[in-house]
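Subject: Structure handover

Hello,

Here is the structure for you to look through. Please open it beside this note. My findings follow below.

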Amino acid sequence: RKTTAILNEELEKGGLKVDRGWELMDTKVVVDGKDGKEYVETTIRRALDGTNKRSTESTVLGTVELEAEEAGKKYETEVVRSQYLIAADGGKSAVRHKVNIPFVGKTLENNVVLYEGLIDTDFKLSDLTVINGSNNKTMNIFPLSNGQVRIMIDASELDPTQELTLEVFTKLAQAAAYPTRLEVKTKTWLTYYKVNERQAASYSHKNRIFLAGDAAHVHSPAGGQGMNLGLQDAHNLTWKMALVLHGLADAKILATYEEERGPVAKAVIKMSSSMFAMGFSNKLTYRAIRKTVTAFISVFVGFIAVPASTVSM
């Protein structure tokens, strides 16, 4: 959120503003019948009352779905023509679906719950806290700059179609922390995260429509590289696109975007996958390694707090 605010502020300094609330319905590369030039034609809509969120929409981050217009809602619709389209519309990317780019990879069995807010606990919250619960669940607590924490906890046994309430999360967190005290005071953010490890088969469609960020690649939160990866995608693509639009470079330079960024994403997905398996897999081998390694490190390194009573296979 802080990063988004900073980027929005910089954009507005340049006289531009993000027009939020629009939903992409269709996009395609077409040829102008008059001059024969290609351009992107995109159809978007926005609900006139309320939001575009559908009552049947999944609350699980990482799920992929496309649904038709919801009955009873009224929308305004626009058709936008542009030279290029950058799809930074996340792991569910409607753009990626519309242009039929395969999202190659796998969906893991793990359901992870992500929480941000204020807690009261006997854990030292100034450090990263890694907990291997006596219930064989892993919980990581990350301190944030505003006194709040971010908690990532394995919740594979939960039904993701059911509402995730603060009460449900509190029980999960307290079970993993037991017998150490942990009380949840406030909630800023609470969501499921269905872990996918996927990468688009192509980062572009006809050299006019480009995927960036989670639309091009998704992985677990392990390693904390998701935002960095997406921002670096955007930087790599946009400076090249700016040169093309100003007539300072041939459009062929845009092909180097995938050549340069694809291998980076592949490496991050591999790294994140290994870290996630080590931290969250319930397989006996991984649990034994977690118990041994975290217990050993906690003796010598202050930033990992692993209470002896919660270290268990």
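A strand here is a DSSP run of E with at least two residues, numbered from the N terminus. Strand 2 covers residues 38-47, and Glu41 lies in it. Please bear in mind that this is a predicted model.

Is Glu41 buried or exposed? The cut-off for buried is under 20% relative accessible area. Glu41 has 18% relative accessibility, so Glu41 counts as buried. What does Glu41 touch, leaving aside its neighbours within four places in sequence? The contacts are Asp26, Thr27, Lys28, Val30, Val79, Val80 and Arg81.

The overall picture

The protein has six helices and 15 strands. It has 313 residues, and 38% of them count as buried. Among contacts with a separation of 6 or more, 68% are between residues 24 or more positions apart. The exposed area is about 17,100 Å². Carbon and sulfur atoms supply 56% of that area.

The start of the chain

Helix 1 takes in residues 2-13, which makes 12 residues. From its first C-alpha to its last, helix 1 reaches 17 Å. That is close to the 16 Å expected at 1.5 Å a residue. Gly15 comes just after helix 1 and has a positive phi of about 85 degrees.

Aromatic pairs

The structure holds four aromatic pairs. Two of them are described here.

One is Tyr84 with Phe210. Their ring centres are 6.3 Å apart and their planes stand at 50 degrees, so this pair is tilted. The pair links distant parts of the chain, 126 residues apart. Tyr84 is in the loop between strand 4 (75-82) and strand 5 (85-87). Phe210 is in strand 14 (residues 209-211). Tyr84 counts as buried because its relative accessibility is 12%. Phe210 is buried too, with a relative accessible area of 0%.

Another is Tyr203 with Tyr257. This pair is also tilted, at 5.7 Å centre to centre and 55 degrees between the planes. It too links distant parts of the chain, here 54 residues apart. Tyr203 sits in the loop between strand 12 (189-200) and strand 13 (204-205). Tyr257 belongs to helix 5 (residues 256-280). Both Tyr203 and Tyr257 are buried.

Which residues do ring pairs link into a cluster? They are Tyr84, Tyr203, Phe210 and Tyr257.

Charges over rings

Tyr84 has a charged partner as well. The charged end of Arg208 sits over the Tyr84 ring, 4.9 Å from its centre. A further case involves Arg45 and Tyr75. The charged end of Arg45 sits over the ring of Tyr75, 4.1 Å from the ring centre.

A three-stranded sheet

Strand 14, which holds Phe210, is part of an open sheet of three strands. The order is 5-14-13, and the pairing is mixed. Which strands are at the edges? Strand 5 and strand 13 are the edge strands, as each pairs on one side only. Strands of a sheet pair through backbone hydrogen bonds, either parallel or antiparallel. Strand 5 and strand 14 pair in the parallel sense, over three bridges. Ile86 stands opposite Phe210 of strand 14. Phe210 is thus worth finding on screen: its ring pairs with Tyr84, and Ile86 stands opposite Phe210.

Best wishes

Terms used
Residues numbered from 1 in each chain as written. Predicted model: local features only at pLDDT ≥ 70, side-chain atom pairs only at ≥ 80, totals over all residues. Heavy atoms only, no water. Helix = DSSP H or I, 4+ residues; strand = E, 2+ residues; numbered from the N terminus. Buried < 20%, exposed > 50% of the residue type's maximum accessible area, 1.4 Å probe, protein only. Contact = heavy atoms within 4.5 Å. Areas by Shrake-Rupley, 256 points an atom, 1.4 Å probe, with all protein chains shown as cover. Expected span 1.5 Å × (residues − 1). Phe/Tyr/Trp six-rings, centres within 6.5 Å; stacked < 30°, edge-to-face > 60°. Lys NZ or Arg CZ within 6 Å of the ring centre and 35° of its normal. Pairing = 2+ DSSP bridges.
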